[in-house]
Amino acid sequence: GTSFTGNTAASGNGDIYTILEYTTVTIYNTCPSPYSSSNTPIQGSDLDTGGEGTFDGDKYSYSGCSICDAGYYSDDGCQACQQGQGASAGSFGAGSCVDCSPGKYESSGVCSPCTGSTYTSTSRETSCASCAGGTWANTDNTGCISDMTCAVGSGQAAAGGTCEVCPVGKYNGAEDDSQCITCPAGKFNPNTGSTAVSDCEICPVGRYSIVHAALGECTACSPGKHNANTGATLESDCLDCSTGKYMETEAAENCVFCPTGKINPSTAGSSSASICSDCQAGEDASNGSTECANCVAGKYGPAAGLGCFDCGRGKFISTEGATSETQCSLCPIGKSSPSTGLPSSCESCQSGRYAPAEGYAQCAICDPGTACEEEATEMQSCTAGSFSGAGAGTCTICSEGTYASVDESSACVTCNAGKYCPEGATEELLCPKGKYSNNGAIAPDPSSPSCLACDANQVANVNRTECVCQQGFYTGLVANEATTVPEGVSPDTPGMTLQTLDLLPGHYRTNSNSTEILPCLNEDHCLGGSDPSSYCAEGYTGPLCAVCSSGYAAIGAGETITCKKCSGSSTATVAAVLTSIAVVVAVALIFLFSDKNSKLRRSLSSMESVMSVATKKFEKIQPYIKVVVSYYQVVGGLGFIFSMEFPPIYSALTSIFGGIVSFDFISFLPLGCMVESNFYSRLLAYTLVPIVMSFFLLVCNVIFTKRKDVESANKVFEVFLFMTFFILPSVSIKIFSTFACHDFDNDMSRLKVDYGRDCNAEEHKAYKGYAIAMMFVYPIGIPLMYWYLLYRRRHLLNGRQKEHEKTMNEEKALEKALKEREENEEEDPTLMSLSFLYGNYEPKFWWFEVFETIRKLALTGFLVFLAPGTAAQVLFSLIMCFFAMRVYSDTRPFTSPMMDKFNNAAQMQLFFTLLGALSIKVNLDNENLQNKGYFDLVLTCVQFVPTLISLLTNVTKARIATKAA
């Protein structure tokens, strides 16, 4: 419904015509539930709906309807409910009226509960009946009972008949018909429904509670009284304020004193501050006083009732009862008044403080570097040689080992190392020569201020800060203990420690804590010095400076190694040499396998006569050449085998000759500039290339044999034997070198022939296995091959020389045996293929080349395993050399006596070379540089002079013999 007046809706939305555009307006003929009408129309007979027609008759909106009262219901107006029934206001329909239940009654159309000792036992009652005397209504007021039980926290009402919740100040813990119990005196209970006496709380201070007073809080003491105790039970427990005090509020624990400068001399129980009266000017009253007293010395009272005031810090009053601040005087200099209202006089400044002017509230602290005696008026500066901290009363003299060079020092400075300072020193003094101090002349002996003397073999350094070893000594692992410098360390450098050992050029050690000073393989490679990181010369690195740096390639090995910087010329040299070798091999192959009538053969035919003459001459000097080659094959490897450095001239020459006679050209080429090269790769090359070449030569031999070209087959086999003769010592040394490692003091182990290879690495273990296999091919296999080839044809080689010696002298027997051997060669031309092995020896010594081969191996490769790097190893070589000399001397195996003498000269030359090596090893040549040069010259001459003299002698004798014939 919508309320409206006339044609305008009461909602303010305009004419009803407008409302109809948005919603529906309901017009009632009668008021809808729960409303009823007053039967008075509120508008005219027509209602304009704006074109929707008109509605005639009396129409009603909600504003013309009202809600039915309680006890009535809406049904074409408000209708009353029947007697004994009730309905709420606004009910609709007769069904809204309900009967009043037992315990209730109907009054004005509302069902109300019976109260007190009244009840209704049936429905639709209009009044409650009263219970007879001695009874009361039950809890729901539906009847009367003679016995009643109340729950805890409740009790029977004073009028009886009902239970009521215990009010404040009471409690009840029993479930019966008893009444609630009042809290004991001195307690109160602010809560209802309490069940125990423990719910009653003790009265706080300033209050009390009398017996049987059921209170929600205790009664407050009235103004002018106080109570300092809890649980008060009587009003008399509230006491009157004493004289000198008052209390304006109730419930006070304590009364308050009269304000400063006022007193209450006689009235107790005062409830107002107005009871307090003023003291006179210059007077004051202490708390609770009943009479005034003069202001004490140090204070003044400027007016009545204000009390006494402090003079303030830095002032004082010597008299009592002062009435003005002007009576306060300033503290004199040297004194102060640190607190207010003090005394009749100021305090003297304590030691370490001063007051330079009047009125100091606090004496100032003396600055560092100054001193202040008691009652000081100024600071006194400390002089040089003394010091003070802040607040010092006196200056302190600098103790031994410290000094103060200026006035007003706040602390003495510790003497620096190398100096000493007596007591009161104003400067540092340098320790005398030969003495030192390492911490202000008090260490290492704190009890001694003097400088300390250095131990034996030590001197003080320039700054006198420490003792250092004098020349020829160094400080080792034990502090301050001088140790003689080892060989290889400069004896002229003073002050050395283990970490700063100054190595001489040509020496090396693994690290700065190592005591093992090692000679380098080549003196020029090691620069010496005290920094291990800069021991090596440019291009060299690694242990003993025997490894080439990046960008450098190794030429040679062992003590002859040289690191050559890679450049275009180095690469070109390697390429040229390898190309030349390839060309020579190619020409030889073409010559060997070409037809005899080929152009190549014909072009070389013109050289046959020349080659024939050269071959005959070569055959005459071949024995001498073999002796020289064998000699330098042994001597060329001694430096590496003995792990020692020979003099430079000797070392260079023997290395060159040794490399030539061993066909060890690769060692003299900077292969590292073209490909990565190390000992392992060279070992493979040195061992596998000869095997390949041998296989090729043997194949050629088979081919020529099948062609029945015996001469060519013999030459090929001779080339094969020639190759084994030249390469065996050098290849054997390479193989045995795989097992020669240098162990350093830092658990490092490096291969002697290539210090860049780690002997502890798995790679090295693999190559050791390979080297063992190659031992059966070269140092074992080749001598066995020689023996086999000679032994199986010995009957054709010995010429029955021993049998002939039984019937004729040795000279004729040799001549006859040689003739028979030549006849055997003619009958069996293949025998000539072995002539390289037996041709230089008497027929009965057909086996001697095997002995010579074993001798060379014993003096080269086998020595690697005999006490390597020691003098004993050199001694073993001397013994073997001496044994060989005796064999040569006793057998005289060569066909020519001159050849025997030449060979003996070579053996003696080798013996003296080994003797020189022994002298170097045991340092018998520990002479100056000039004498070492002489030794180098002599040792070099030993290599050439004996054999040259022997060779010239033999040549001369041969020419004389030829002329005589």
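Mentor: Helices here are runs of H or I in DSSP with at least four residues, while strands are runs of E with at least two, and both are numbered from the N terminus. In this predicted model, the protein chain has 18 helices and 63 strands by that count.

Trainee: What makes residues 256–257 a strand, and which residue has its place there?

Mentor: A strand needs at least two residues, and β27 covers residues 256–257, where F257 has its place, so β27 meets the requirement.

Trainee: Why is F257 called partly exposed?

Mentor: Partly exposed is the range between under 20%, which is buried, and over 50%, which is exposed. The relative accessible area of F257 is 34%, and F257 is therefore placed in the middle class.

Trainee: Which residues does F257 contact, once its neighbours within four places in sequence are left aside?

Mentor: Those residues are G244, K245, Y246, N287 and G288. As for C241, which is 16 residues apart from F257 along the chain, the two C-alpha atoms are separated by 9.7 Å.

Trainee: Why does A713 count as buried?

Mentor: A713, which has its place in helix α8, shows 4% relative accessibility, and because buried means under 20%, A713 belongs to that class. Not counting residues up to four places away in sequence, A713 touches N701, F704 and T705, and between the C-alpha atoms of A713 and V702, 11 residues apart in sequence, there are 7.4 Å.

Trainee: Which residues of helix α10 are buried, and which elements do they pack against?

Mentor: In α10, residues 781–791, the buried ones are G781, I782, P783, Y786, L789 and L790. These buried residues pack against α8 (710–737), α9 (762–775), α11 (794–797), α14 (835–838) and α15 (848–858). Over the protein chain with its 965 residues, buried residues make up 40%.

Trainee: How do you know that β10 and β11 pair, and in which sense do they run?

Mentor: Two strands pair if at least two bridges are found between them. Strand β10 (residues 104–107) and strand β11 (residues 110–113) have four bridges, so they pass that test, and their sense is antiparallel. One of the bridges sets S107 opposite its partner V110 in β11. The hairpin has two residues between the strands, and in it S108 takes a positive phi near 60°.

Trainee: What makes β6 and β8 the edge strands?

Mentor: The open sheet of three strands has the order β6-β5-β8, with mixed pairing. Strands β6 (78–80) and β8 (91–92) each pair on one side only. Between β5 (residues 72–74) and β6, which run antiparallel, there are three bridges, and Y72 has A80 in β6 as its bridge partner. Strands of a sheet pair through backbone hydrogen bonds, either parallel or antiparallel.

Trainee: How many cavities does the structure hold, and what volume does the second largest cavity have?

Mentor: There are eight cavities of 30 Å³ or more, and the second largest has a volume of about 90 Å³. Its lining receives two or more residues from each of α4 (608–635), α15 and α17 (897–921), with the largest share, four residues, coming from α4. The lining has 14 residues, and K626, V627, S630, Y841 and E852 lie nearest the centre of the cavity.

Trainee: How do the residues of that lining divide into nonpolar, polar and charged?

Mentor: They divide into six nonpolar, four polar and four charged.

Methods. Residues numbered from 1 in each chain as written. Predicted model: local features only at pLDDT ≥ 70, side-chain atom pairs only at ≥ 80, totals over all residues. Heavy atoms only, no water. Buried < 20%, exposed > 50% of the residue type's maximum accessible area, 1.4 Å probe, protein only. Contact = heavy atoms within 4.5 Å. 1 Å grid on protein atoms, 1.4 Å probe; cavity = no way out; pocket = protein on both sides within 12 Å on 5 of 7 lines; lining within 4 Å. Points joined across faces, edges and corners; volume = space filled by probe spheres on them. Nonpolar A, V, L, I, M, F, W, Y, C, P; charged D, E, K, R; others polar.
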